[in-house]
Amino acid sequence: PQKVQVTTVVEKIKELAKEITSVNKLILSETINFEDRILMIDTKLFERVIQNILSNAVQYAPAKSIIELSLITTNSKFEISISDQGQGFSKEDLEHAMEQFYRGDKSRHSSINYGLGLYTSAQIMALHSGKILLQNKLSEDGAIVKVELPLYSNLSN
C-alpha cells in the first residue's frame, strides 16, 4: 500500500463509474462530499474492488436505470457506496455473498460468474484494514454495497 490522496481516488472512481455505466447505457447519479485526506492503498487492487462492485451493480440493474455512487469522508473513514435499482440481495445473499464460490440466485448463473468477485473484494479490503458492507435499500428495490477505508490526517501518519 502507498499513501494516496482521497482526491486522486475519487477521480479514479468517478472515471470508472462513468465508463462502466455509459457502456451499459445506465444513468450515473453522484453524491460527492469529501475532505482531501490520505488513504493507504494498493491502487491496482483497490481499483479491482471498485470495478467488481460496479460490474455487479450493472449486471443486476434494470435497463436504463440509475446507479448511485456516493463518495464521502467522515472523521475516520472514506466511504464508497454503490447502489442499483435491481431486486436487491436475498436474505441468503446478505449472509453468504462474500464467501468463496457463492453464487446467489441459481437461475442467473453464467459461465463467466464463478462466485469470486465479492469474496476477492472482501479479501482485498481486509488487506487495506477496510471492509465491505452489503444491504438493501429500505424504501425501494435495489442493493447497496458500501466500502469503508480508514483515513489518515496527513503524510506523516
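**Figure 1. The open sheet of the predicted model.** In this predicted model, 5 strands form an open sheet with mixed pairing, and their order across the sheet is β2-β4-β5-β7-β6. Strands β2 (27-33) and β6 (131-136) stand at the edges, and each has a single partner strand, so one side of each is left without a neighbour in the sheet. From one strand to the next, the twist averages 15°. Helix α1 (residues 6-23) packs on this sheet, where it touches β2, β4 (66-73) and β5, and its direction makes about 180° with that of β4. The sheet belongs to a protein with 4 helices and 7 strands, whose elements run β-α-β-β-α-β-β-α-α-β-β from the N terminus on.

**Figure 2. The pairing of β7 with β5 and β6.** Strand β5 (residues 77-83) and strand β7 (residues 143-150) run antiparallel and are joined by 7 bridges. Within this pair, I82 stands opposite V145 of β7, while the bridge partner of S81 in β7 is K146. Strands β6 and β7 also run antiparallel, with 6 bridges joining them, and here Q135 stands opposite I144 of β7. The hairpin formed by β6 and β7 has 6 residues between the strands, and in this hairpin G142 takes a positive phi near 140°. Because 6 of the 8 residues of β7 are buried, this strand is largely enclosed by the rest of the structure. Strands of a sheet pair through backbone hydrogen bonds, either parallel or antiparallel.

**Figure 3. Helix α1 and its buried side.** Helix α1 has 18 residues and reaches 26 Å from its first C-alpha to its last, which is close to the 26 Å expected at 1.5 Å a residue. The buried residues of α1 are V6, V9, V10, I13, K14, L16, A17, I20 and T21. They cover an arc of only 170° around the axis, which puts them on the same side of α1. An α-helix has 3.6 residues a turn, so residues three or four places apart point the same way. The buried residues of α1 pack against β1 (2-5), β2, β3, α2, β4 and β5, whereas the face of the helix turned away from its buried side carries the exposed residues S22 and V23. Just after α1, K25 takes a positive phi of about 55°.

**Figure 4. The surroundings of E30 in an edge strand.** Residue E30 is found in strand β2, one of the two strands that stand at the edges of the sheet. With a relative accessible area of 33%, E30 is partly exposed, a class that lies between buried, under 20%, and exposed, over 50%. Leaving aside its neighbours within four places in sequence, E30 is in contact with K14, K18 and L69; of these residues, K14 is among the buried residues of α1. Although E30 and L69 are 39 residues apart in sequence, they are 4.9 Å apart in space, C-alpha to C-alpha. For the protein as a whole, among contacts between residues at least 6 apart in sequence, 69% join residues at least 24 apart.

**Figure 5. The largest nonpolar core, seen around F46.** The largest nonpolar core has 37 residues, of which I13, F46, F78 and I80 touch the most other members. The elements that give two or more residues to this core are α1, β3 (38-41), α2 (43-60), β4, β5, α4, β6 and β7. Leaving aside its neighbours within four places in sequence, F46 is in contact with V9, I13, I41, I80, I124, M125, V147 and L149. Among these contacts, V9 and I13 are buried residues of α1, and I124 and M125 are buried residues of α4. In soluble globular proteins, nonpolar side chains tend to be buried together. Buried residues make up 42% of the 157 residues in the protein.

**Figure 6. Helix α4 across β6 and β7.** Helix α4 (residues 117-127) lies across β6 and β7 and runs at about 135° to β6. The buried residues of α4 are L118, T120, S121, A122, I124 and M125, and these buried residues pack against α2, β6 and β7. Just after α4, S129 takes a positive phi of about 60°.

Technical notes: Residues are numbered from 1 along each chain as its sequence is written. This is a predicted model: local features need pLDDT of at least 70, side-chain atom pairs count only at pLDDT 80 or more; totals for chains, interfaces and linings use all residues. Side-chain values use heavy atoms; hydrogens and water are left out. Two strands pair if DSSP finds at least two bridges between them. Axes are lines fitted to C-alpha atoms, for helices over the stretch in contact, and angles run from 0 to 180 degrees between N-to-C directions. Contact means heavy atoms within 4.5 Å. A nonpolar core is a set of buried Ala, Val, Leu, Ile, Met, Phe, Trp, Tyr and Cys residues joined through side-chain atoms within 4.5 Å. Buried means under 20% relative accessible area, exposed over 50%, partly exposed in between (1.4 Å probe, protein chains only). The expected span of a helix is 1.5 Å times one less than its number of residues. The arc is that of the directions from the helix axis to the C-beta atoms.
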